[in-house]
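Q: Please take a close look at one part of this predicted model: its salt bridges. Which charged side chains pair up, and where do they lie?

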Amino acid sequence: MNMIIVGCGKIGSTLAEELSQEDCDITVIDTERSKVQRIADNCDVMGVVGNGTSFQLLEEAGIGACDVFIAVTGQDEVNLLCCVVAKKAGHGITTIARVRDFTYHEERTYLQQSLGISMLINPELTAATEIARRLRTPKAIDISTFAEGRAELLTFPLERRSPLVDLPINRMNQKLGTDILVCAVERERKALIPKGDFVFQEGDKVSIVGSPQSTSLFFQRIGMASGQAKDTMILGGGRIAYYLACQLAGMKINIKILEADEDRCAYLSEALPSAMVIHASSRNRDVLLEEGLESAQSVVALTNVDEENLMLSMLASIYNPKGKRVTKVSDMPFSEVLERMDLGSIICPRELAARQIVQYIRAMQNSKSSNVETAYPILDGKAEVLSFRLEGASPLLNIPLMELPIRDDLLVSAIIRKGRVFNPRGSDSLKRDDTMIVVTSHKGIRELSDILRPGAAIIGRLGKLTEEEGRR
């Protein structure tokens, strides 16, 4: 796959490092020679110095043979223009643009359709969404989302006092009054795809699938609701703070924002009527204590200075050790050191944005050689979550799942239909345009037919059904 990346800043360099390790031929473009040279020296990529909006420069960089074009400069308008020029110059090219302004996010559907841009990525919004998820989801050690957040897969450890201990899966939802599907369990370092008679044990690492609303209710019912913050203190009033406050307001979380810039405070007060905005510096310990640092259920450090965020989170750990903490860092050169510090959850916007783009590109690569839309490893790589989009005349359509010879090491965990997520029962069947999420400990699932047991007799029947659908 041939790729051009315009912008050699934090996101561009991260993308080049990640994608250069895969089967990709990459060219990076930037107006600053030193940035281009640094990436070219560190990664196996070609470097071009110049303006990514120039048609002539893009031709010299190989736009005619380019499969994916990514614009991640520091200016939204430049990125959009780059993608428009690349779209005109390339042939069937996929374009991805970084945009930070909330206006562009609200108009993303129009921009994508009218300008032909395949993907718009907002690092600050992505970071805010991840922070909101951490504040809402108690003690989940791993979170994956599907279908633009409509479905979630969460993995958490089972503690001794959990009501799930010694409970079989087939009695779980009835006892708790929930609608959750347990899709995988790690026990003694082995990944298991459990059946209904599987009994939970202390120390299990459990993976569940459901909508955000159903997973939230599930954690409440098993006594982990205290993990969801009811109020938060946000230190710093930048873009991430704004996006985060918008999401937390919808979650009925009380919000307090401390911001040192008076003009920014005035803007936030008008834009966020449900939040309490305080004109004060986060560096003043007395102010922090006066505003409730010791009693806040969650503290989110979002200033523009990494070192300040680290110190604020460490201060919060001293005065409020039971509260949740989220620390934003722009760079993670010493990640092993940060992980040993008591900083709570560490969020790096550029890495989140880069990861989202890489997952999108991997899904593209998969779609050319398989039916898989997305693939996420879980349980330390011992199992995998795959999503399939059922387009056209699939042989699996309109057959109850109980009648399909699905392999033993695989579970159909969720179906997303017309924006609604539901956990399938045996009597449910797949429909055209559904998105199906499966969890499996088997390696090599890449085609829709791979979810069935090899050589199953029903495959012949499915083939016949497909021929009949084709004649219609």
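A: Asp434 is buried, with a relative accessible area of 1%. Its salt-bridge partner is Arg417, and the closest N and O atoms of the two are 2.7 Å apart. Asp434 sits in the loop between strand S21 (420-422) and strand S22 (435-440), while Arg417 belongs to strand S20 (residues 410-417), so the pair ties together parts that are 17 residues apart in sequence. Arg417 counts as partly exposed, at 22% relative accessibility. The cut-off matters here: buried means under 20% relative accessible area, so Asp434 at 1% falls in that class, whereas Arg417 at 22% does not.

A salt bridge also joins the side chains of Arg407 and Asp409, with an N to O distance of 3.0 Å. Arg407 has a relative accessible area of 15% and is buried.

Another pair is Glu32 and Lys35, whose closest N and O atoms are 3.8 Å apart. That value still qualifies because a salt bridge is defined by a nitrogen within 4 Å of a carboxyl oxygen. Glu32 is partly exposed, its relative accessible area being 39%. Lys35 is likewise partly exposed, at 28% relative accessibility.

Charged residues can also be linked beyond a single pair: Glu130, Arg133, Arg134 and Glu152 are connected in a network of salt bridges. In total, the predicted structure holds 13 salt bridges, among them those of Asp434 with Arg417, Arg407 with Asp409 and Glu32 with Lys35.

How values were computed: Residues are numbered from 1 along each chain as its sequence is written. This is a predicted model: local features need pLDDT of at least 70, side-chain atom pairs count only at pLDDT 80 or more; totals for chains, interfaces and linings use all residues. Side-chain values use heavy atoms; hydrogens and water are left out. Buried means under 20% relative accessible area, exposed over 50%, partly exposed in between (1.4 Å probe, protein chains only). Helices (H or I, at least four residues) and strands (E, at least two) are DSSP runs, numbered from the N terminus.
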